[in-house]
Structures are given as C-alpha cells and as structure tokens.
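Please walk me through this structure step by step, explaining how its parts are arranged and which residues bring them together.

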Amino acid sequence: MRKTVVLSATLLPLMISSGMVYSVLPIYISEELGASRTEVGGIFTLGATVGLITAYVLGKIADRLGRKPLILLAQCGFAFVMLSYSLISDKSYAYFIQVFEGLSWTMLGVSAPALIADITEKGERGEAMGIYSTSWSMGWVLGPITGGLLSDLYGFRFMLRASFIMLVFGLIASYLVLRRIEE
C-alpha cells in the first residue's frame, strides 16, 4: 500500500493544479481571450471528445508500453497545456491546447489506475483505489480556492504559470518514484 500512497502523493500537484485551473479557466477564456459562452463550451467539448476517441487506443498502448511512460507523458502534457494557456492571446489557440489536454487526461486516466492495480495485492485494490481517489479529491478541494485566490491577486496568467511550476515538481517526483516501482 505504501507504493500507492507515494505514487498518489506525486500526482497530488497535478490534481491541485487541475483544480486550480479548471475552476477558473472558463472565466479566463471568456474574459481575457474574448470567447463567448458557446465557444467556451466548444473548447471544453473538444478536449472531452479527444479523450473519448483516444481512451481505448491509449489503454492498449499502456498495456503494451507500460503505464509509467504514459503517466509521465501525461504530466508533461499538462505542463505544456498550462504554460501554453498562460502564453496565448487569442481564443482560437485554446482549441489546439484542448486537444493536448484531452490526450493528457486520457493518458493519466487509463494508466495511473492500471498501475495502481498492478502494484497492489488483489485483496487490497479497493483500498488502493480509495487512496488514489483521495489524492484526486484533495486536489479538487485545495485547487479551486487556490486558483481563484491566485488569479484574483496576481492574474490568470500568473496562476497558470504557478500551475505549470507545480506540475514540473510533480513530474520530477513521479519520475523518481516510478523508476523504483516495478510493473
């Protein structure tokens, strides 16, 4: 169970970051980039559609190449997404960024739970998934208020760059932990 706790802890920065960003990202896209509500909906629909289309294939890739590379690639993808959002000045770029966001969520969504199942004894998998889910929930408890506060105090772009930095630290931690975990 220790491996699950440590792996979940390395993913916590990603969860906090996603809670920070996705709670205020629609406001940023609308207010700073000038997107209508329908366009904001379309941008997020694109990311979800990419996830829908690629989940099966990415699951097969996780089975063939291993879960660890996809977890790390997903974290790189999220870092790219947050940094990119902080740099754009036109809403049209948000569509392109959401393609990477959808891929990243799907990579993480298929590979992290599979790895946790792989490294956990059969009779402890429910508990392990509960620990993993707790890290998601903790990120979504801490993230939205942090994202709102940072964007109010320093602006959306600062909040997005802070999210990027958190993701880089999480990526480094995950890399160090994952190289010690055997699938």
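The paragraphs below begin with the nonpolar core, move on to two helix pairs, and end with single residues.

The coordinates come from a predicted model rather than from an experiment, and the description should be read with that in mind. A good place to begin is the largest nonpolar core, which has 49 residues and in which Tyr-28, Ile-29, Tyr-85 and Leu-108 touch the most other members. At least two residues of this core come from each of helix 1, helix 2, helix 3 (67-87), helix 4 (92-119), helix 5 (125-154) and helix 6 (156-178). The greatest contribution is that of helix 1, which gives 13 residues to the core.

Tyr-28 deserves a closer look, since it is one of the core residues that touch the most other members. When its neighbours within four places in sequence are set aside, Tyr-28 is in contact with Leu-33, Tyr-85, Ser-86 and Ile-88, and also with Phe-156, Arg-157 and Leu-160.

How, then, do helix 1 and helix 3 pack, and at what angle? Their axes lie 11 Å apart, at an angle of about 30 degrees, and the crossing of the two helices is left-handed. On the side of helix 1, the contact is made by Thr-10, Leu-11, Leu-14, Ser-17, Val-21, Tyr-22, Leu-25, Tyr-28 and Ile-29, while helix 3 brings Ile-71, Gln-75, Phe-78, Val-81, Met-82, Tyr-85 and Ser-86. Sorted by class, this contact of helix 1 with helix 3 has 12 nonpolar and 4 polar residues, with no charged residues.

The second pair is formed by helix 1 (residues 2-31) and helix 2 (residues 37-65), whose axes come within 9 Å and cross at roughly 130 degrees. Because of that angle, helix 1 counts as oblique to helix 2. Helix 1 passes helix 2 in a right-handed crossing, and the residues that meet there are Tyr-22, Leu-25, Pro-26, Ile-29 and Ser-30 from helix 1 and Val-40, Ile-43 and Phe-44 from helix 2. In terms of class, the contact of helix 1 with helix 2 has 7 nonpolar residues and 1 polar residue, and no charged residues.

Pro-26, which is found in helix 1, takes part in this meeting of helix 1 with helix 2. Not counting residues up to four places away in sequence, Pro-26 touches Val-40 and Phe-44. Pro-26 counts as partly exposed because its relative accessibility is 28%. Between the C-alpha atoms of Pro-26 and Ala-9, which are 17 residues apart along the chain, the separation is 27 Å.

Ser-23 also has its place in helix 1, and with a relative accessible area of 30% it is partly exposed. Apart from neighbours within four places in sequence, Ser-23 is in contact with Ser-18 and Pro-144. Although Ser-23 and Leu-149 are 126 residues apart along the chain, their C-alpha atoms are separated by 11 Å.

Finally, is Glu-121 buried or exposed? Glu-121 sits in the loop between helix 4 and helix 5, and it counts as exposed because its relative accessibility is 58%. Measuring from C-alpha to C-alpha, Glu-121 and Ser-174 are 21 Å apart in space, and they are 53 residues apart in sequence.

Definitions and conventions. Residues are numbered from 1 along each chain as its sequence is written. This is a predicted model: local features need pLDDT of at least 70, side-chain atom pairs count only at pLDDT 80 or more; totals for chains, interfaces and linings use all residues. Side-chain values use heavy atoms; hydrogens and water are left out. Axes are lines fitted to C-alpha atoms, for helices over the stretch in contact, and angles run from 0 to 180 degrees between N-to-C directions. Helices (H or I, at least four residues) and strands (E, at least two) are DSSP runs, numbered from the N terminus. Angles under 35 degrees count as roughly parallel, over 145 as roughly antiparallel, 65 to 115 as roughly perpendicular and the rest as oblique. A crossing is left-handed if the near helix is turned anticlockwise from the far one by less than a right angle, and right-handed if clockwise. Contact means heavy atoms within 4.5 Å. Ala, Val, Leu, Ile, Met, Phe, Trp, Tyr, Cys and Pro count as nonpolar, Asp, Glu, Lys and Arg as charged, and the others, Gly among them, as polar. A nonpolar core is a set of buried Ala, Val, Leu, Ile, Met, Phe, Trp, Tyr and Cys residues joined through side-chain atoms within 4.5 Å. Buried means under 20% relative accessible area, exposed over 50%, partly exposed in between (1.4 Å probe, protein chains only).
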